Amino acid sequence: MSTMNCELLATCSAMGYLEGDNYHKEPDCLESIKDLIRYLRHEDETRDIRQQLGATQILQKDLLPIIAQYPQEKMLYEAVIRLLVNLTQPALLCFGKVPANPTARHHFLQVDSYLQGYKEAFANEKVFGILSEKLYDLLQLDWEQRQEEDNLLIERILLLLRNILHVPSDPEEEKNIDDDASVHDKVLWAMHMSGMGDLIKFLAASQEEQQWAMHILEIISLMFRNQNPEQLASTGQIKTKQEKETESRELEILMQRELAAKKKRTFERGSRHSRFGGTYLIQGLKSIADRDVVSHMGVHKFKNYTHDCGKQVGKVRKRNQAAVEMESKRRSALNVRLFLKEFCVDFLENCYNRLMYVVKDNLIREKAQQHDETYYLWAMPFFMKFNRVYRFRPELVSETVSIRVFHFVERNVTNYYEMMLTDKAAASSWSRRMHLALKAYQELLSTLNEIDHSKDGNLRESARVIKCNIFYVMEFRELFLMLFRKFDASKQPKSFLKDLVETTHLFIRMIEKFCKGKTNLFVQRKKLKKKKRKSKQSASASSDKSQEELEEIWKAALERLGRCAEGQELLPEDLVPFDAASEIPVEEQRAEAMIRIQDAMLASKTAEALMLLRAAREVWPEDDVFGSSNILLTEESELLKQILFANLPRQPAVEVEETEEFRDEEIEEEETESVRVTESEFNLFDYLKRFANAGVVKPYVLLLKDYRQNDAHTNHCIVKMLYRVAYNLKMDTLLYQLSVFHVFSHILEDPAAGAYQELVKFSKYVLSRFFTLAASNSKAFVELLFWKNIANIREMTEGYRTDKESGPNHRIPSWSPEEEQELETLYLQFKEEDGGKDVIDNIMEHIKNETRTRKQIAVKLVQLNLVDSIKDLKRVKKGTKIVLWREEQEMELETLFVEFRASDDVLGDIMKKITYKRTRARIIDKLISMGLVSDRKELYKKRRKLAKGERQEEEDSADDMGSGPSQGPSEDEDEDEDELDEDDGSVDERAEDSAKSTPRYATKGQIGMREPDPAIPLLCCQLQQQGLRGPLLWLQNCLNRTADKREDDGTLIAVPLVPFSEENEDAMDNEVFQKLLKKVGIRPPADEQESFWRISANLSGVQLRKIASVIALQDGDGEGGTAQDSNISVSAGHKSEALRALIMARERHAAATKAGGDAKPEVRGRDAPESPSGSDDDTKSNNEKTKHKQMLKRSRVFDSDDDMEDRVEDTPNVEATEGSEPNSETSDSDTAHRVIKRCRRAIEDDDDDDDDDDIDQL
């Protein structure tokens, strides 16, 4: 260290020396300054280099003279500025925080004292003049001429200015009074005289200098530190009448108190002096020895006697000490205030809106540093309040009067509040930041209220719109209640409480005025929708009804079932009896589904009961508990009757002991929580009732104790709120507390009570109400010792209830005062402990009365106001505390997902194997965030289906018995399954399961295929009568193409049904057509993310062709036979659909001929003579393609229809000759389908050739 000191001293000496006012620099001056910068870079944690340089006063004796005398040497000037920025760095940045270690704190204070000396040296107009000239020259350069070194020098000058203004003042050292110039005032005046203030305003207003916005705002905030905007606005103006009255009232109060103190001293002094003080017995006041107290003081001092006389005052723990006020307001010298006032006026007119916009944009885009939003939150209330007090012009602060700014401030208040609760080590810092945000919120409301009183109608309308939004959003209304309930005097100063009380008063007054004269005001409410554990119902619902009543219910249910079968009553589509993500066992869910069916029948919801039965049958097909898979409607009705008349077992509900006040609150942790936003009519009375709480009243009483130091407006805000609680809400009993009465006693005995008429009147009102109650309730005096809740208030006013009068709802054993004291002690002991157990678990282990339940302890803690809500005492489940995922944990999760992704219960298998146990919700969220799944439904437990072997055995047994297609599932079940497809969101699961169990091609012996609904032909006839023949043909074409694709690919996915023509789009809106789609097996859009109807993934290619053939019967049976001979004019839009219907008709004709024994010759004989006609059609098609080429090729759905007809007529002869054998098991229908697909491929190739020809012609 000695070597370093010698080198440091030699380096300082090599810079030069000061002789008078002239500084003589050495040749190595520049190198010496660079060496000092290098030394500062390698200083230790005690900042020894910085302290040694400060002790030698290098800044005062060397650096500032060099700047003043050699500003033209650029290299030297830049090096000195760089060294000055480093030396003037705030002590907090050097040490990180205020050290708690005494030695480190000594070094911190030493560096701070050197910084104060630097600040005093900078109070020089010449130094600031040189800095201003250099900054002005740099700003004169255009962006093309400005180099990187120039920008760096501008930033260093601004940082130097920031560092100098940041140095805190030392009031004990300066010993200045108001209107006297402090060191800070001198620095401000030097800035003003040098023109630096004008440069700052230029940087704030210039659009080209936006990059310095955060530096400028920070400098401005430091310039106006300790300044009051109201005092600045009134500087240089004559005092108003109100100000004169306020000052005269304050002087009168001081005079009255002085006279009262003088009078008291006169009465205490005897008429003549006596050396004998006297010894007296105070009767009625017992001493420790149970005798009358012996007093050795004069009689005139008897009133002041107390047992506490002579006792040592107990030390208050540091964590319980009241928070220290960090802000200190003082009035600067008059010339400085005038300069600052002029600066504020110019800044508002030219810079405010522009600068605040840029700063907020930087904050939102996260271009600023941490906690830079505090400068924004300071500048907003300061300049808005100055504008409001000086000459209110809303357009000057329009940038910060909007809903977005309200939301920004509210979000920061909430964030600071949460950080203050979590980061307890820096709670005081978060509290100061929250105070800044609260003052910004207060000034926003004040400005809005001022705009509301404007004479301009447009301004009033704008204020009304903003108020509508503020009062509508729940967070703005709940903010004050949250801050009051969590107020902590050890972390938040009285000034914060004062601003909170005044802001709450202003908000309630504004909302009262807004609601006055209006019939209704709708506001937003957010309810926490909890998914609770299933509560066991008490007894069977059917057992409560007689047999005759059940018979009547069943008769009505039969009628509704008939209407459902006829389609007159719609069936619900959103019923799911099974929750795969729930932890409730599957067997219990099956019993619960049975109970739900019975409850629906009892509630006359027959359609819902029927759909629940069908859905439960899909989920639990085993043992035919909900009926077999091929059950008929009559059998379903009989099963519903059995469920209705059954005496289902229902376990009794779990009895929970709760008080009326906390009946809706739960301790056990819910599975999931979601916020549901609703709208309701606002009730001001109900909103005010939420302030009638001991947790809110306590801060008001705490601030009322300082009524002498409070101004008149603050006392008025306190009394107004207490008056609302005591008089408007009739809750004056809440104020019957000894500490409140003690404050009332001081108010009534105050010599200057005449100046507090409002407080005196309210105190007398509350005391008179108390003594009236005490006349009928002798226990009221004892109740003064405790804060009371609503239940206690009701007992005090209506009478105390005995155990017999309490009834079954109040079986909770009472708490004795000793037990309450024990509970409070245990809670304070364990609330700060971090362990595996929560607070209540620790209390239950140590409490003497072991019969106390967790619920009773939690409710009592809320009653004692130790916690605000019973929700704060939720038990934390094991494993849920793990929030962060490490890299190895993510790799383990990904490995387990890949391993079990093919299992039926992916999530369950992962939870069994994962090393670090976590909840289902967190594992699902992590899988989604890692991109392994896109939807949580992919992780639901898959429904069990019959394996291929079991299904094949059933099919074989059905073949042996000679069962035909008619023995498949019933029509109602088909409809039910289709509707279940619409309800079920996990389409991919169904597709995967169907792909596993459905063969690619259907054979003649397959059994169990779903037959088309018999209602389809009737619906088709209705649609044809309505003129929707074209959409029917389009639907048939889509079904055939989907069947071909599923046979080719082997994959089963839901295919969207996209209408391309206007006629098809209109048909999709037709109710009858939609009903046909549901019967066919096409489901509507599942949610808002889907736009089209989709062909179900559960339908195989064979099933789709059967359904398409049923639709084609309406064209082929009655008209299809003559379709090839008649000259029916078909529109170009439906040409393709008509041709495909013709092909299907020929296919059915071929199948019928094959059944007669001559299938193949019929095919050849029929197709042979039609070859020439196909050639004519081909020529015609080529001509039409030339005319309507764009229309025919607008989609892949519309192929070249006439080419296809020609090829279909020619090709089957070859296919039938080459591809079929006498013993071939392949049907002609399969052959025809393969031919059609080959024809389509050929047509597509021809279309491509036509496109090439068109291009060549162009």
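This passage describes the packing of aromatic and nonpolar residues, one helix and a few loop residues in a predicted model.

The largest nonpolar core of the predicted structure comprises 196 residues, and within this core the residues with the most contacts are Met 223, Phe 224 and Phe 383. The element that gives the most to this core is helix α20 (residues 427–452), which supplies 12 residues. In soluble globular proteins, nonpolar side chains tend to be buried together. When neighbours within four places in sequence are left aside, Met 223 is in contact with Leu 165, His 184, Leu 188, Met 191, Ile 200, Phe 339, Leu 340 and Phe 343. Another core, of 30 residues, lies apart from the 196-residue core and includes Leu 561, Ile 597, Phe 626 and Leu 639.

Three of the contacts of Met 223, namely Phe 339, Leu 340 and Phe 343, are also listed among the buried residues of helix α16. The 17 residues of α16 should span 24 Å at 1.5 Å a residue, and this agrees with the 24 Å between its end C-alpha atoms. The buried residues of α16 are Val 336, Arg 337, Phe 339, Leu 340, Lys 341, Phe 343, Cys 344, Val 345, Phe 347 and Leu 348, and they pack against α11 (183–194), α12 (196–205), α13 (213–223), α14 (229–234), α17 (352–364) and α18 (373–389).

Aromatic residues were examined next. A search of the whole structure finds 36 aromatic pairs. In one of them, the rings of Phe 343 and Phe 347 have centres 6.3 Å apart and planes at 10 degrees, so this pair is stacked, planes under 30 degrees apart being counted in that way. Phe 343 and Phe 347 are 4 residues apart in helix α16 (residues 334–350), which means that about one helical turn separates them. An α-helix has 3.6 residues a turn, so residues three or four places apart point the same way. Both Phe 343 and Phe 347 are buried, and both belong to one aromatic cluster that also contains Phe 224, Tyr 352, Trp 378, Phe 382 and Phe 383.

The pair formed by Phe 471 and Phe 507 is edge-to-face, with 5.6 Å from centre to centre and 80 degrees between the planes. Because Phe 471 lies in helix α21 (residues 457–472) and Phe 507 in helix α23 (residues 494–515), this pair ties together parts that are 36 residues apart in sequence. Phe 471 counts as buried, at 1% relative accessibility, and Phe 507 is buried with a relative accessible area of 0%. Charged side chains also lie over aromatic faces: Arg 146 is placed over the face of Trp 143, at 4.7 Å from the ring centre, while Lys 779 is placed over the face of Tyr 800, at 5.0 Å from the ring centre.

Among the loop residues, Asp 750 is located between α31 (738–749) and α32 (757–776), and it counts as buried because its relative accessibility is 4%, the limit being under 20%. The side chains of Asp 750 and Arg 257 are joined by a polar contact of 3.3 Å. Not counting residues up to four places away in sequence, Asp 750 touches Arg 257, Tyr 707, Arg 708 and Tyr 756.

Most residues other than glycine have a negative phi. His 371, in the loop between α17 and α18, is not a glycine but has a positive phi of about 70 degrees, and at 22% relative accessibility His 371 counts as partly exposed. Lys 730, in the loop between α30 (712–728) and α31, likewise has a positive phi, near 55 degrees, and at 55% relative accessibility Lys 730 counts as exposed.

Conventions:
Residues numbered from 1 in each chain as written. Heavy atoms only, no water. Phe/Tyr/Trp six-rings, centres within 6.5 Å; stacked < 30°, edge-to-face > 60°. Helix = DSSP H or I, 4+ residues; strand = E, 2+ residues; numbered from the N terminus. Buried < 20%, exposed > 50% of the residue type's maximum accessible area, 1.4 Å probe, protein only. Lys NZ or Arg CZ within 6 Å of the ring centre and 35° of its normal. Core = buried A, V, L, I, M, F, W, Y, C linked by side-chain atoms within 4.5 Å. Contact = heavy atoms within 4.5 Å. Expected span 1.5 Å × (residues − 1). Polar contact = N/O pair within 3.5 Å; in protein donor to acceptor, adjacent residues only side chain to side chain.
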